[in-house]
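Here is a set of short questions and answers to work through with the structure open.

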Amino acid sequence: MGYIILSIPVFFLLIGAELLWSAWTHRKVYTFPDLIANIGCGIGSQVVGAFTKAAIFGVYLWTYDHLRVFTLPANVLIWVITFLLVDLGYYWFHRLSHEVNFLWAAHIVHHQSEEYNLSVALRQSWWQGLFSFWFYLPIAVLGVHPVVILTVGALNTLYQFWIHTRAIGRMGWLEHVFNTPSHHRVHHGSDPKYLDRNHAGSLIIWDKLFGTFQPEEEEPVYGITTPLRSWDPVWANFHYWADLVALARRCTALGDKVRVFLKPPGWRPADLGGRERPKEHDRTNYLKYSTDAGANARRYVLVQFFLLLAVTSLFLFKQDSLPIWGAWVLAGIIVLWVMGLGLVLEGRRGALTLEAVRVLLFTGAGIAVWMSVLGWSWWCAVIIFLGAASMIHLTALSGEGEVAGQ
Ligand SMILES: [Zn+2]
Ligand SMILES: [Zn+2]
C-alpha cells in the first residue's frame with residue numbers, strides 16, 4: 001500500500017485546519033470550485049497511477065537486476081545518499097518539466113490553480129509518473145534497491161505537501177537549506193521574474209547550486225501565464241497537448257513540427273512570430289477565473305464529491321481484489337465523475353445530462369463489480385438507493401434551470 005494513499009486522511013485534516021485558519025484570519029485562500037477541481041485532479045492521478053505503478057516498478061526491478069554496477073546495502077548511510085540523489089533527480093526532472101514542452105504538457109496541471117493552498121499540492125498530473133521515473137533509474141543502476149528508491153521518492157513527494165500554504169511566512173535559517181512555503185510560493189507565481197524558479201523538492205540547495213533560485217519578494221500572482229479557465233480535470237490534463245498539436249499543425253517545416261514538443265513553453269518558429277514573452281500582470285485589474293452555478297448546484301457537487309471520495313477509497317484499497325474489467329470500468333466512471341462535477345460547477349450546457357449518464361453507469365457498474373467480488377449483499381441495495389437519490393437530486397436541479405449554461 002502506497003505511503004501517499006495512507007497519508008490521505010492527514011492531508012484532509014490539514015486542509016480542514018487551513019480552512020479554519022482562513023476563516024479565522026479572513027484571508028480567503030480557498031474557493032469551492034478550485035478546491036473540488038484540485039482534489040479531482042489528485043483523484044485522477046491516483047486512479048491512473050493504480051494502472052501504471054506495477055509497470056514502473058517492473059522497469060526499476062529489471063534495471064536493478066540486469067544493469068546494476070554495485071550491490072549496495074540498505075543501511076542508514078545508503079538511505080541518506082539515496083535521499084540526496086532522489087532530490088537531485090527530482091530537481092532536474094522538475095526543471096526540465098518547465099523547460100521542455102512535452103514534459104510541461106504533463107506538469108502544467110500542478111500549476112493551473114490561481115489559488116495557493118494545501119489542496120494545490122494534491123493537484124497532480126495524471127501522466128507525470130510516466131515521465132518522472134526515468135530520472136531516478138540511474139540510482140538503481142548504481143545498485144540501490146528499487147524499494148529504497150521508491151520509498152524515498154514517496155517521502156520526497158509527501159514533504160512537498162505542507163509547503164503549499166500561505167499560512168506560513170519565512171522560517172529563519174531553514175530557508176537556507178530546505179524548500180519552504182515561501183520558496184515554493186515563488187515557484188507557483190506567473191509573474192515574469194518568478195517563472196521557472198525554485199524547482200526544488202525537499203532541499204532548496206539545488207536551485208542555489210544551479211542558478212534557478214529566486215527569493216520571495218512581493219506575493220506572486222498564482223497560476224499559469226495563460227489561465228486554464230476551467231474546473232474540468234480531464235481538460236486540465238489534455239489542453240496543453242491539444243495546444244502543442246495545434247501549433248505543430250500550423251508549422252510549415254517538418255523540423256519545426258518536432259521542435260514544438262522539445263522547445264520551452266512559449267516557443268514559436270520565426271515564420272509564426274517567434275518566441276512569445278510572458279507579460280507582467282496588471283495587479284490592480286487581475287481577475288481570477290470564477291463561476292457561479294448557484295447554491296443548489298454547489299450542494300449537489302458537495303454531496304457527489306463525498307460519494308466520489310468513498311468510491312475512490314474503495315477502488316484504491318480494493319484494486320487488487322477487483323477483476324481487471326471491474327478496475328477499468330470503475331476507473332472510467334471515476335474519471336467521468338470528476339469531469340461531470342467540474343462541468344456542473346462551470347454551469348455548462350450538457351453537464352446535467354453527462355451527470356445523469358454517469359449516475360446510471362455508477363449504479364449499474366457498481367452493482368456488477370460488487371456482485372462479482374463479494375456476491376449479493378445489502379450493499380447492493382445501498383448502491384441502488386444512492387443512484388436513485390442522486391438522480392432525484394439531478395432532476396430537481398435541471399427543473400430549476402439553474403445550470404442552464406452560459
Ligand atoms: Zn513546477
Ligand atoms: Zn507545487
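Q: Which residues make the nonpolar surface patch of about 360 Å²?
A: This is a predicted model. Nonpolar side chains are joined into a patch within 5 Å, given over 30% relative accessible area and no salt bridge. The patch of about 360 Å² is made by Trp173, Val177, Phe178 and Ile205.

Q: Is Trp173 buried or exposed?
A: Trp173 sits in the loop between helix H8 (146-159) and helix H9 (174-177). The cut-off for exposed is over 50% relative accessible area. Trp173 has 59% relative accessibility, so Trp173 counts as exposed.

Q: Which atoms coordinate the zinc ion (ligand 1)?
A: Donors are N, O and S atoms within 2.8 Å of the metal. The donors of this zinc ion (ligand 1) follow the spacing H-x3-H-x8-H-x3-H-x75-H along the chain. At 2.1 Å, the coordinating atoms are NE2 of His94, His98, His107, His111 and His187.

Q: What distance separates the zinc ion (ligand 1) from the zinc ion (ligand 2)?
A: Ligand 1 is a zinc ion with His94 and His187 among its coordinating residues. The zinc ion (ligand 2) is separated from the zinc ion (ligand 1) by 5.9 Å.

Q: Are His94 and His111 buried or exposed?
A: Both residues coordinate the zinc ion (ligand 1). Buried means under 20% relative accessible area. His94 and His111 are each buried.

Q: How many Å separate the end C-alpha atoms of helix H16 (residues 351-374)?
A: Helix H16 has 24 residues. At 1.5 Å a residue, H16 should span 34 Å. The distance between its end C-alpha atoms agrees with that: 33 Å.

Q: Which residue just after H16 takes a positive phi?
A: The buried residues of H16 include Leu352, Phe362 and Trp370. Just after the helix, phi turns positive, at about 80°. The residue is Gly375.

Q: How many disulfides does the model have?
A: A disulfide needs two cysteine sulfur atoms within 2.5 Å. Cys41 is buried, at a relative accessible area of 0%. Cys251 also counts as buried, at 3% relative accessibility. The count of disulfides is zero.

Q: Glu115 and Lys288 meet in a salt bridge; how many residues apart in sequence are the parts that the pair ties together?
A: The N to O distance of this salt bridge is 3.2 Å. Glu115 lies in the loop between H4 and H5, and Lys288 in the loop between helix H13 (254-262) and helix H14 (295-318). The pair therefore ties together parts whose separation in sequence is 173 residues.

Q: Is Lys288 buried or partly exposed?
A: Its partner Glu115 is buried, with a relative accessible area of 7%. Partly exposed covers the range between under 20% and over 50%. With a relative accessible area of 38%, Lys288 is partly exposed.

Q: Arg259 and Asp256 are in helix H13; about how many helical turns separate them?
A: The two residues form a salt bridge, with the closest N and O atoms 2.6 Å apart. Arg259 is partly exposed at 38%, whereas Asp256 is buried at 11%. Because they are three residues apart in H13, the separation is about one helical turn.

Q: With which residue does Glu276 form a salt bridge?
A: Glu276 counts as partly exposed, at 46% relative accessibility. A salt bridge needs a side-chain nitrogen of Lys or Arg within 4 Å of a carboxyl oxygen of Asp or Glu. The closest N and O atoms are 3.2 Å apart, and the partner is Arg268.

Notes:
Residues are numbered from 1 along each chain as its sequence is written. Chains are lettered from A and ligands numbered from 1 in the order in which they are written. This is a predicted model: local features need pLDDT of at least 70, side-chain atom pairs count only at pLDDT 80 or more; totals for chains, interfaces and linings use all residues. Side-chain values use heavy atoms; hydrogens and water are left out. Donors are N, O and S atoms within 2.8 Å of the metal (3.2 Å for Na, K and Ca); water is not among the atoms, so sites may look incomplete. Buried means under 20% relative accessible area, exposed over 50%, partly exposed in between (1.4 Å probe, protein chains only). Helices (H or I, at least four residues) and strands (E, at least two) are DSSP runs, numbered from the N terminus. The expected span of a helix is 1.5 Å times one less than its number of residues. Patches are made of residues with over 30% relative accessible area and no salt bridge: like charges are joined within 9 Å, nonpolar side chains (Val, Leu, Ile, Met, Phe, Trp, Tyr) within 5 Å. Accessible areas come from the Shrake-Rupley method with a 1.4 Å probe; for residues, only the protein chains shown count as cover.
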